[in-house]
Amino acid sequence: MSNTTETAPASTPDFPQMLGHPRPLWMLFMTEFWERFAFYSVSWALALYIVAHFFHGDPAGEAWASKIYGAYTALIYATSIFGGFVADKVIGYQRSILIGALVMALGLFVVMLPSKELFLLGLAMVVVGNGLFKPNISSMVGQLYGPKDERRDRGFTLFYMGINGGALLAPLLTGWLAGYFTDTPTQENYRIVFAAAGVGMALSLLWFWFGRRGLRNVGRPAPDQTNRMRVVWVLVGVAVAVPLVYLLLAFIGASGLQWLLSLLFVGVAAMLVVEAVRHDRVQLDRVIAMLIIFAFNILFWMMYFQLGTSFNFLAENMVDRQMFGGWTFPVGWFQSVSPVAIIVLAPLVTQVWSWLARRHKEPSIPRKFGLGLVFNGLGFTALMYALTYSVDSHGLIPFWPLTACYVLQTIGELCLSPIGLSMVTKLAPPRVVGVAMGGWFLSMAVGGNLSGLLAGEISGESGMTAASALAGFTFSFWLLAGAGVLLLLISPLINRLMHGVR
C-alpha cells in the first residue's frame, strides 16, 4: 500500500456538514486565506520594491526585478514537488503544513530587512516553506470527498473562491499601509507590506494548528511515519534547502533556472509515467492526458503572472490613476481586481457548470482549459487597444483597459485553475497524488519563470515603453489564442485518454 493511500483514511470519514460540504473544508480555506494574504501582499510589492530600493527608482532595474519576481514565483511552485514527496513519504500532510507555515512566517519577517543579501535569504525561506505548505493543503481538500462524490469539483471551486478573500484583502490593506506609513509621498513603505505578510502567515499557522483536529485521520502521518526523528530530518532538510534556493536566486539567474525547472518537470513526468505503468493501460492514458494539460498550463501562467511585473510597471508609470478630487488610485489596488472578480464570478461559474451538468452538456476538463487560455488571451486585447489608440499627451492610457484585462484573465483562471486541482486528484496514480499535485504546481513554476523572462524582455535595458509593452502584449495574445484553439480542437482525443473522468 502506498504512503499516499496510508495518509488518507481507508474510507472517507463521515464529516459533519456545513453549507452542503464537509466542515473541515472551511477550516482549510481559512488557513489558505491567510497564506494567500501573505503571498499577494508580497506579490504586488516585490518588483516595485526592488526597483525603488535597490535601483533608487531607476527604470533600468525593471528587467532584473522582473527576473527575480519570476524566479521567486517559479521556485514557490517548484518546491511543491518536494513538499508533496515529504508529505507522501516522510511525515504526512499535517506536519508538512505546520513546518512550512512556520518557515514562511519567519522568512517574511526577514524579507523586510534592508540588505540585498537578507532580502534574498528571506525570499529563499518563503520559497522552501511554501513548498511544504502549498501542495499538501490542496491535496487534503480532495481527501474530504469520496471518489465518486459529485461535490468534489464544487468543493474545490468554493475552496478557491474562499481563499481569494485573502488575495482581495492583501493589496487593499497593505497598499493603504504602504502609503500611510511613509515619510515621502512619492515613495511607498514596502517593508511594512512584508511585515503585514508575516503577521498573516502567522495567523495561517495558528488557524491550522488549532483546527486540524477536525480533520480526524485526513493528512495524519501513516503508522510508519509517526517517528518524531522524521520531523527532525525534515527540519535539517529545510536548513540545507534555504541556502540552495538563495544561490538559485542570487547567482544562477532566471535563464539557468529555466533549464533546471525544465529538467525537473521532465523527471516528474517520467516518475508519474513509471508509476502509471505499474497499474494498467487506463492509468497510463490518464497520466498522459494530465501531462498534456500540464503543458498548456505552462502557457497560461507564463502570461498570467505578468500581474506582478509588466502589469505593475504599466500601472505605476503608464496608467492614468488620478481619480475624482485629485486622489491617486494605489498601484497595489489593481491586484484586488482579480480576487473581486473571482468572488463575484466563481459562484456564477459553479452554477453554470452545475446547470450544464444536469443537462449532460458540461464541458470536459480539456475544453475548460481551452476556454481558460482563450479568455486569458482576450485580456491582452484591451491593453493592445489602449496602447495603440488611447495613449494621451502625457504617455498615459486610461484606467479601464488594465482593469478589463484583469477581469477577462480571471474568467480564464476560473475555467482552469480550480478545475486543475480537482483533475490531479482524479487522474493521478493513487500512490503519488502528492507528487502529481507537486507536478501541477511545477508546471506553474515553469510558467512563472518564463513570465519573468518575458517581462524582462518587455522592459529591456532602460525600462518599459509603450512600444515595448504593445509588442510584448501582442505576442502574448497570439500565443494564448493559438494554444487555446489548439486545445479545444484536440480535446476529444484527451477525453478518450481520460477514460470517463470528467
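Here are legends for several views of this predicted model, from the whole chain down to two residues.

**View 1. The whole protein chain, a fold with 16 helices and 2 strands.** Boxed along its principal axes, the C-alpha trace takes up roughly 65 × 50 × 45 Å. How does the radius of gyration fit with a compact globule? For 502 residues the rule gives a value near 23 Å, and the protein chain comes in at 22 Å, so the two agree. Sequence-distant pairs do a lot of the touching here: among contacts with a separation of 6 or more, 84% link residues 24 or more positions apart.

**View 2. Inside and outside of the protein chain.** Of the 502 residues, 59% count as buried. What is left open to the outside adds up to about 19,500 Å², and carbon and sulfur atoms supply 68% of that area. On the charge side, you'll find 31 positive and 24 negative side chains. The centres of those two sets sit 13 Å apart.

**View 3. Confidence along the chain, with a look at residues 1-10.** The average pLDDT is 88, and 96% of the residues score at least 70. Where does pLDDT stay under 50? That happens over residues 1-10. Even so, the model gives this stretch 32 contacts beyond four places in sequence.

**View 4. Ser364, in the loop between α12 and α13.** Helix α12 covers 337-358 and helix α13 covers 365-389, with Ser364 in the loop that joins them. Is Ser364 buried or exposed? Its relative accessibility is 4%, and the cut-off for buried is under 20%, so Ser364 counts as buried. Leaving out residues up to four places away in sequence, Ser364 touches Asn495 and Arg502.

**View 5. Phe375, a residue of helix α13.** At 25% relative accessibility, Phe375 falls between the cut-offs of 20% and 50%, so Phe375 counts as partly exposed. Which residues does Phe375 touch, not counting those up to four places away in sequence? They are Leu408, Gln409, Ile411 and Gly412.

**View 6. Phe375 and Val110, paired up for a sense of scale.** Along the sequence, 265 residues separate Phe375 from Val110. In space, their C-alpha atoms are 38 Å apart. For reference while you zoom, Phe375 is the one in helix α13, and the box around the C-alpha atoms of the protein chain is roughly 65 × 50 × 45 Å.

Definitions and conventions. Residues numbered from 1 in each chain as written. Predicted model: local features only at pLDDT ≥ 70, side-chain atom pairs only at ≥ 80, totals over all residues. Heavy atoms only, no water. Helix = DSSP H or I, 4+ residues; strand = E, 2+ residues; numbered from the N terminus. Rg over C-alpha atoms; globule rule 2.2 N^0.38 Å. Buried < 20%, exposed > 50% of the residue type's maximum accessible area, 1.4 Å probe, protein only. Contact = heavy atoms within 4.5 Å. Areas by Shrake-Rupley, 256 points an atom, 1.4 Å probe, with all protein chains shown as cover. Lys, Arg positive; Asp, Glu negative; His and termini not counted. Charge placed at Lys NZ, Arg CZ, Asp CG, Glu CD. pLDDT = per-residue confidence, 0-100.
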